[in-house]
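Please open the model in your viewer and keep the selection panel at hand, since each stop of this tour begins with something to select.

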Amino acid sequence: MFWLFKFRIFLFSNASIVLSLLKKTLFLISPFLLFLLFDALFPLNPTRQYSQIVTDSEGNLLHAFLSPDQKWRMRTELSEISPDLRKAFLAKEDQYFDYHFGVNPFAIGRALIDNTLANRKTSGASTITMQVVRLLEPKERSYRNKMIEMFRALQLEWHFSKNEILQFYLNLVPYGGNIEGVKAASLLYFGKMPDQLSLSQITALTIVPNRPTSLALGKNQLLLEDEKNKWLLRFEKRQVFDKQTVADALEEPVNAYRREMPRLASHLARRMQSEHAQELNIQTTIQPAIQAKVEQITQNYSLRQHKFQIYHAAVLVVDNLTRKVIAYVGSPNFFDANGGQNDGTKSYRSPGSALKPLVYGLAFEAGLITPKSILFDVPYDFAGYRPENFDQKYHGKLTAETALANSLNIPAVDLLEKLGTKPMVEVLKKMDFRQIKRDEKKLGLSLALGGCGVNLWEMAGLYASFANGGIYKPLQILAKEESKMSFQILSEEANYLVTNTLTQVQRPHEIPSDYLSNPKLPKIAWKTGTSYGRRDAWSIGFNKRFTVAVWIGNFDGTGVPELVGAGMATPLLFQIFNILDYNSPLDWFKKPQNLLTRKICTETGLPPAQFCQDTIADFFVAGVSPSKVCEHLKPVFVSLDQKMSFCSHCFSGTYTRKYFQNLAPELIDFYERQKITYEKIPPHNPTCTLLAGGKAPLITSPSDQREYLTAGDEDLEMWLACQASNDVEKVYWFIDNRFYKTALATEKVFFKPKRGKIRISCTDDKGRNTNIAVLVK
């Protein structure tokens, strides 16, 4: 503590000197303290409203919007201020910019002397910082306002770096009319970003702000050229640029003229403006060359469809490797008065059959089917829902891959009934199908046929998942925002089976003729969709590199007979793939290791039994795919003349054992109606005590010959129930002689009856039958 004692003694002995030093220090810092006070009392607000711009993946302009005050004023980023741009503007406007504190005292002194001697204003003393203040707060020229301007310049230097102040200047410098800033002038008069300008163009931009009328870009070309060359020679003389660089710039004409702002991807630009209102420079993932080609192809194709009263289309192109959207077309012509500004990629529409691949993928994954499993395309009643095929025809027995490739409706609905709608709805919800989320409780079996609302963006994301082994990842449109979320919507094996099926070219009604005849067109997997009433035509395809989603229709929902996915949307799909991937190397998806092959019976698609004669190879997943052995034939005891059949309770005398087709009741019903011949089992022995004992099913609900009433338009559900013998496992219900449903003997079954007289039949698995009739009013 000794040093503290000595310091006190020093202060007391030299009090007058210390006081004098304090006064001098206070005098010296008082201006600074006063500045801080005024800075706090009168803060500077250098913010300005800028034009919002949307750029492509390379940073080039796609679309720009006027600022809220209707100016072309674009924010020039620091990274866009090239060294030549910086040097030229500083050499022209403020060569001591990097050294002064916002005000240049030497320049002020020089200006005072020059102006006093000439008795008029011959030179100015404004620094770039002071010019920024004047651009931010325009005021009349006076000594008082000049003092305010200098104070504001000090504020700018206090709060911002030199680079930021130069950035303010380059953003606000005027170029005549409603054009402000280097970036806006660069794009409008040279069609380039600022960092792409040549020295000749940069020099022209440095001299125009001082004389925006006489040196207006695009008008007084000769005068502008002359002034530009004068300043280039001055730059050389001051050694701002070397002699060769200046010589090259002197040889380059300015060639400035007013251009239109680019209008590529207008719908995307509007979407970005709406979703990212606070961002000024929005960089997207769009690839400009592909965007321009897809826009042109879509517009040309759409014009040819006007003769059918079909006016609108939308297209998305996705890079499958990155999930980046590289082309985005919301409508064929943004400036079309007939709904051109509607964005078809966001409109919710019925997808028709375009969701069927997901139904089949989930069925493959659940072990319900394999590609060559036999499905039935026959009339069927799903609790009152009776779907029909697009061509209103039925095809009987066919394989699952054929049913999907040909987009048949009834097999798809049948599979969804077996799966249940919930698994499919949950997958779609997880992928953020927003209308599906809202309508979750309303969705039923019609979901398989497009009985829901989806948009093109969501469908493109689904099909891009098919192209990536069943892994879903959100589509990316902003260059800086890559989602880390991803999840499996289908197993790798199930996804491959879907993709392999959608690649089949045995679809002549869906394939443009030039695809079949041109081997250089890329190989793709694709699916079409047509909504009810022919209001929407879809075609979505993918290969390893790209996913292309196409929608064609009318924004007002008008249906047109020609509006079919295969005939209307698929040709455009193939045209786009042609320009994207023409003559590309054949690089296709590899079969997963866990996907094996086995022999199956062609009659059922199941592993063959001893009696199966026709077999083919089929894919399967061990432990998942159906392993039940084929039962397409069943043994029956018949008389030697094959006119009577016996059961284990009644056979006697001479008989033989013969195999008959083990046909499902719905298939038998179809064969009967279509008059298709098949070998029928002979009538059962009439003396059979089991049959003669009256053991046919007894229908307990509804009651025979009763009337049932409904209130107004209420949909009545009627309960079907029966009592059957102990040896009966299954019963088959028929409504008005049409097969309705197979059920366990004790199972409760419901159906929605039509008005009028209804015939109800119940047959057990022994062939015994009971009929009743009811009347519904």
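Begin by selecting Lys-634, which, once its neighbours within four places in sequence are set aside, is in contact with Lys-658, Tyr-659, Phe-660, Asn-662 and Ile-681, where contact means heavy atoms within 4.5 Å. Lys-634 belongs to strand S17, residues 633–639; helices (H or I, at least four residues) and strands (E, at least two) are DSSP runs, numbered from the N terminus. Lys-634 is partly exposed, with a relative accessible area of 32%, on a scale where buried means under 20% relative accessible area, exposed over 50% and partly exposed in between, using a 1.4 Å probe and protein chains only. If you add Leu-663 to the selection, you will find it 29 residues from Lys-634 in sequence and 9.4 Å away in space, C-alpha to C-alpha.

Before moving on, please note that this is a predicted model, in which local features need pLDDT of at least 70 and side-chain atom pairs count only at pLDDT 80 or more, while totals for chains, interfaces and linings use all residues. Residues are numbered from 1 along each chain as its sequence is written, and side-chain values use heavy atoms, with hydrogens and water left out.

Now zoom out to the whole protein, which has 24 helices and 27 strands. Of its 777 residues, 50% count as buried, and among the contacts with a separation of 6 or more, 65% are between residues 24 or more positions apart.

Next, select Ile-128 in helix H5. Is Ile-128 buried or exposed? At 0% relative accessibility, Ile-128 counts as buried. Leaving aside neighbours within four places in sequence, the residues in contact with Ile-128 are Phe-89, Leu-90, Glu-93, Asp-94, Phe-97, Leu-166 and Tyr-169. Tyr-169 lies 41 residues from Ile-128 in sequence, yet the two are 7.0 Å apart in space, C-alpha to C-alpha.

Extend that selection to the whole of helix H5 (residues 128–136) together with helix H7 (residues 162–172), whose axes come within 9 Å and cross at roughly 50°. Axes here are lines fitted to C-alpha atoms, for helices over the stretch in contact, and angles run from 0 to 180 degrees between N-to-C directions. H5 is therefore oblique to H7, given that angles under 35 degrees count as roughly parallel, over 145 as roughly antiparallel, 65 to 115 as roughly perpendicular and the rest as oblique. On the H5 side the contact is made by Ile-128, Thr-129, Gln-131, Val-132, Leu-135 and Leu-136, and on the H7 side by Ile-165, Leu-166, Phe-168, Tyr-169 and Leu-172. By class, this contact has 9 nonpolar, 2 polar and no charged residues, where Ala, Val, Leu, Ile, Met, Phe, Trp, Tyr, Cys and Pro count as nonpolar, Asp, Glu, Lys and Arg as charged, and the others, Gly among them, as polar.

For another helix pair, select H9 (residues 199–207) and H10 (residues 221–237), whose axes come within 9 Å and cross at roughly 105°. These two helices are therefore roughly perpendicular to each other. Leu-199, Ser-200, Thr-203, Ala-204 and Ile-207 of H9 meet Leu-224, Glu-227, Lys-228, Trp-231, Leu-232 and Phe-235 of H10, and the residues of this contact divide into 7 nonpolar, 2 polar and 2 charged.

From H10, step into the loop that leads to helix H11 (243–251), where Gln-239 is located. Gln-239 has a positive phi of about 65° although it is not a glycine, and at 71% relative accessibility it counts as exposed. Then select Gln-392, in the loop between strand S8 (374–377) and strand S9 (396–399). Gln-392 also is not a glycine and has a positive phi, of about 60°, and it counts as exposed at 60% relative accessibility.

Helix H12 (residues 266–275) is the next selection, with Ser-266, His-267, Leu-268, Ala-269, Arg-271 and Met-272 as its buried residues. The elements covering those buried residues include strands S1 (53–55), S2 (61–64), S5 (281–283) and S7 (324–329), as well as helix H19 (456–466).

Finally, show the cysteines. How many disulfides does the model have? With a disulfide taken as a pair of cysteine sulfur atoms within 2.5 Å, the count comes to 0. Cys-612 is in no disulfide, and the nearest cysteine sulfur, that of Cys-630, is 3.5 Å away. Cys-612 is buried, with a relative accessible area of 11%. Select Cys-722 last: its sulfur is 4.1 Å from the closest cysteine sulfur, in Cys-762, which is too far for a bond, and Cys-722 is buried, with a relative accessible area of 12%.
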